[in-house]
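Please read the points below with the model open beside you. They cover one helix, a nonpolar core and a chain contact.

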Amino acid sequence: MLDEIIIAGFGGQGILLMGRLIAHAGMLEGKNVAWMPSYGPEMRGGTANCTVIISSEEVASPVVSNPITLIAMNQASLDKFEPLVEKEGIIILNKSLISRDVNRDDLEVIKVPANDIANELGNLRVANMVVLGSYIAKRRTVKMETIVMVLEETLGEKSEKMIALNKEALKRGEKIVTE
Amino acid sequence: MVERLLMKGNEAIGEAAIHAGCRYYFGYPITPQSELTAYMARRLLKIEGAAFIQSESEIAAINMVYGAAAAGGRVMTSSSGPGISLKQEGISYLACAELPCVIVNMMRGGPGLGSIQPAQGDYFQATKGGGHGDYHLIVLAPSSVQELVDLTIKAFDLADKYRNPAMILGDGLLGQMMEPVQFKEFQKERIPSKEDWALGSCQGRKPRRIVPFNLDPDELEKIVNKIGRKYEDLPKEVQYEVVNMDDPDIVVVAYGTVARVVKTVIQKGKKEGINIGLIRPITLYPFPYAVINDAANRVKQILVAEMSLGQMVEDVKLAANGKSKVFFYGRTGGVVISPVEIWEEVKKILNQN
């Protein structure tokens, strides 16, 4: 098992895309992956979350009760999933939208001012890429080059400017962890 | 090596169907399988001679399936819960007329309009009839996106081989999740010729008719007996997976999504010194009675886990035939069983017995 991740936030924050990029990159690197979205009424205007599993072995349960990594993009997501994270796990949270501290002291916390950085870059919508950059720098479950490759493929028809912006957001997120 | 693609379960079924030569799809969208209908619309409309219709109702869709199957085409429809119930009359007609087709049910919470979250409460409906009269569907239960692909292709082959409708019995979780899949090359020659029975132009031959009735009881009995003989043959198609069955302390029987949850519990058991075996039926009809009967000779306890109030457990009890105790654990309404719940249940059973 390399990682079991729950990514959660508002609908529209690019939660599902973040998860898909990780899963797709993992697959291209020859790992076993599964991506499971929340679906149904909870998706409409409310919260969105998805589970991603990356493993060197067969992926057993696609349902994860206790994630190793939680990426919380808003306060409600932290409230809901903080108690479920495995001991010694990691919470990466979007500091721009979460004012409180993490209550638990048996795990590692990385605070990323994702919305602030995205705004600095001129587009709030890349806040998810900032956090994704931090995730990859921290967990190294997939390579940054592979994520960029998948991103380029996904954004294919869109402008080079968008790709450059997303790459910059990834880099800024990476720096939060490495510096 | 064949390329690995990251696909959503519902879309993977669609691609697998097209891969297997399915050129006709009729259906009506319903969560959690609507992506399949959408996928077939996108893909089939680009294939010459293929047909996609979003019908006015599920009843219309299944009767369109009857038409396309009678004309000899590989045809599919799909739905979930309430939509599958609406199709039952047509499914019974297809079985009586011995028409091959594939019906996909991505189960959701029931009964009634129920919920749209994953469930397994349609086991009885799928394996015991569902519609009226003496018939069975061939029922296949995938537990991964790759298996959705492999079993969809297999469902078409079995339906043609036995001239009987086949069902893919999945659930909302399998339909919504993404996993890597591979499509192996499909040999078109695998599709059997239907010239000796299908309709179409009768130029140069006597006209035929394909009807789901015979008003003379003796004649209908002959037809039903002929159908019955196919079901006697079906056990040779039984397919199942066994995991950790060398010397288990307890055996869990589960299919589909729940079987994968059990695999996580097996790993946990290994760390804690408890050997948990798994028997995962892949064909639900024909049901793998023999392997479960054999397990019942070797272990004292069998646990059946389902996302229902307990349906497959009846077949497991039949298979165990009193030789071991059969326990049941279920969640229903659209609640997915977690690994922790099954683990606790296993410990409870082992402590009590």
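1. Does the distance between the end C-alpha atoms of helix α7 (residues 145-162) of chain B agree with its 18 residues at 1.5 Å a residue, and what span should they give? The helix should span 26 Å, and the ends are 25 Å apart, which agrees. The expected span is 1.5 Å times one less than the number of residues; helices are DSSP runs of H or I, at least four residues, and strands runs of E, at least two, numbered from the N terminus.

2. This is a predicted model, in which local features need pLDDT of at least 70, side-chain atom pairs count only at pLDDT 80 or more, and totals for chains, interfaces and linings use all residues. Residues are numbered from 1 along each chain as its sequence is written, while chains are lettered from A and ligands numbered from 1 in the order written. Chain B has a mean pLDDT (the predictor's confidence in each residue, from 0 to 100) of 96, with 100% of its residues at 70 or more.

3. Just after α7(B), B:Arg163 has a positive phi of about 45 degrees.

4. B:Val262 touches B:Val252, B:Ala254, B:Leu278, B:Ala305 and B:Ile342, leaving aside residues up to four places away in sequence. Contact means C-beta atoms, placed from the backbone, within 7 Å.

5. Chain B puts 21 residues in contact with 16 of chain A. On the chain B side, α10(B) gives the most, five residues.

6. The model scores ipTM 0.94 and pTM 0.95.

Notes: Contact = placed C-beta atoms within 7 Å.
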